[in-house]
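Biologist: I have a new structure open and do not know where to begin. Could you walk me through how to read it?

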Amino acid sequence: MKVLITGGAGFLGSHLAEAWLGRGEEVTVLDLASDAKVRHLRGRADFRMIRESVLNRDILEGLVAWADLVYHLAAVVGVEHYVGDPYQVLTVNINGTQEVLAAAFRHGRKVVFASTSEIYGRSAAVPFDEDGDRVLGSTRIDRWCYSTSKAAAEHLCFAFGRMGLPVVVLRYFNVYGPRLDQMDRGRVVTIFMGQLLRGEPLTVIGDGSQTRTFTYVDDAVRATVAAGLAPAAVGQAINVGSEEEVSIATLASTMVRLGGSTSPVIFVPQEAVYDRGYEDIPRRVPVVRRMREILGVQAEVPLEEGLSRTIEWFKRQSR
């Protein structure tokens, strides 16, 4: 099988590329990012990376025509982007998805689209069911542009699906693990990681009572591979996550303990970190019935084990 992964040089994409190569398939990655996370794959006859934008229609057309299966992971992500540059978030996440879907439709290729738990917004109907309502804040709050861009992309997926394109939508819940993105930016795990390794206080926003579930990357990749293979997944939106709910305050103290650090955990007001364009979510937990029943996958790596592996990986990189 020939597998195209847009955004494949990123954290999740690099692990996904490894998984398909491990199955004996050919993989092409299309990404504007550095090849640092896939550099160990360069030189293999069954792997190539094209450093170009998903918005380059001519390049995209040729790669989709080559592929048997398309994963669309390319996106602008991270709090610093959807608060700081909402235009870029909306442009890439919506228009890029439309370009991928249109090319796949022309060539009859199955698409697995990487969406997000941000889709559910501030809904109080927790745990989040895939068919549940979305509840968002004002369009004046930049924080919601990422959720909106992914929702628009999902609508495009389902619209192309109605025209006959085989599409699967995966909504990821806080995927983490080795090769996670740059420390001190974006995800809470990497922010805490940078502080932890420098021996600085871990800064928890608010009172730390907000809760999340975290999905170890190996579990997320197994679900993602299965989505590309399972016929029953076509036309579905599927949560990919763990049911192990933890508060952010507990996450911080657990990372301190597992890292063998003396860093204190401190609490800071939201205004000290983000401007008016950010709004936190009290609780984010998925219903994972479809992941189990349709994909045949469930989260197997407990949070403490996954965090231990991740901390050790970051420690090795910092030596």
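Modeller: Start with strand pairing. Two strands pair if DSSP finds at least two bridges between them. Keep in mind that this is a predicted model.

Biologist: In what order do the seven strands of the open sheet lie?

Modeller: Strands of a sheet pair through backbone hydrogen bonds, either parallel or antiparallel. Here the pairing is parallel, and the order is 3-2-1-4-5-6-11. Strand 3 and strand 11 (237-240) are the edge strands, each pairing on one side only. From one strand to the next, the twist averages 20 degrees.

Biologist: How many bridges join strand 1 to strand 2?

Modeller: Strand 1 (residues 2-6) and strand 2 run parallel, joined by five bridges. Find I5 in strand 1, then look across: its bridge partner in strand 2 is V29. Now look at strand 4, where I5 stands opposite Y71. Strand 1 and strand 4 also run parallel, with four bridges between them.

Biologist: Which elements make the right-handed β-α-β unit?

Modeller: Follow the chain from strand 1 through helix 1 (residues 11-22) to strand 2. Those three elements make the unit, and it is right-handed.

Biologist: And where does strand 2 lead on its other pairing? Which strand does it join by four bridges?

Modeller: That is strand 3 (residues 47-50), again running parallel to strand 2. V27 stands opposite F47 there.

Biologist: Why is strand 2 described as largely enclosed?

Modeller: Look at burial, which here means under 20% relative accessible area. Four of the five residues of strand 2 (residues 26-30) are buried, so the rest of the structure largely encloses the strand. Strand 1 is largely enclosed too, because four of its five residues are buried.

Biologist: Take me further along the sheet. What is the bridge partner of Y71 in strand 5?

Modeller: Y71 has V112 as its bridge partner in strand 5. Strand 4 (residues 69-72) and strand 5 (residues 110-116) pair in the parallel sense, over four bridges.

Biologist: Which strands does helix 7 touch as it packs on the sheet?

Modeller: Helix 7 touches strand 4, strand 5, strand 6 and strand 11. The direction of helix 7 makes about 165 degrees with that of strand 6.

Biologist: Next, the interior. Which residues have the most contacts inside the largest nonpolar core?

Modeller: In soluble globular proteins, nonpolar side chains tend to be buried together. The largest nonpolar core here has 61 residues, and V27, F47, Y71, L170 and L295 have the most contacts inside it. Helix 7 (residues 217-229) supplies the largest share of this core, seven residues. A second, separate core has 25 residues, including L30, V54, V111 and V169.

Biologist: What does L170 touch?

Modeller: Leaving out residues up to four places away in sequence, L170 touches a list of residues; among them are V112, F113, A223, I238 and L295.

Biologist: One last feature. Is E118 buried or exposed?

Modeller: E118 is buried, with a relative accessible area of 7%. Look for E118 in the loop between strand 5 and helix 5. The side chain of E118 makes a polar contact of 2.6 Å with the side chain of R143.

Technical notes: Residues numbered from 1 in each chain as written. Predicted model: local features only at pLDDT ≥ 70, side-chain atom pairs only at ≥ 80, totals over all residues. Heavy atoms only, no water. Core = buried A, V, L, I, M, F, W, Y, C linked by side-chain atoms within 4.5 Å. Buried < 20%, exposed > 50% of the residue type's maximum accessible area, 1.4 Å probe, protein only. Helix = DSSP H or I, 4+ residues; strand = E, 2+ residues; numbered from the N terminus. Contact = heavy atoms within 4.5 Å. Right-handed = clockwise from strand over helix to strand, strands pointing away. Axes fitted to C-alpha atoms, helices over the stretch in contact; angles between N-to-C directions. Polar contact = N/O pair within 3.5 Å; in protein donor to acceptor, adjacent residues only side chain to side chain.
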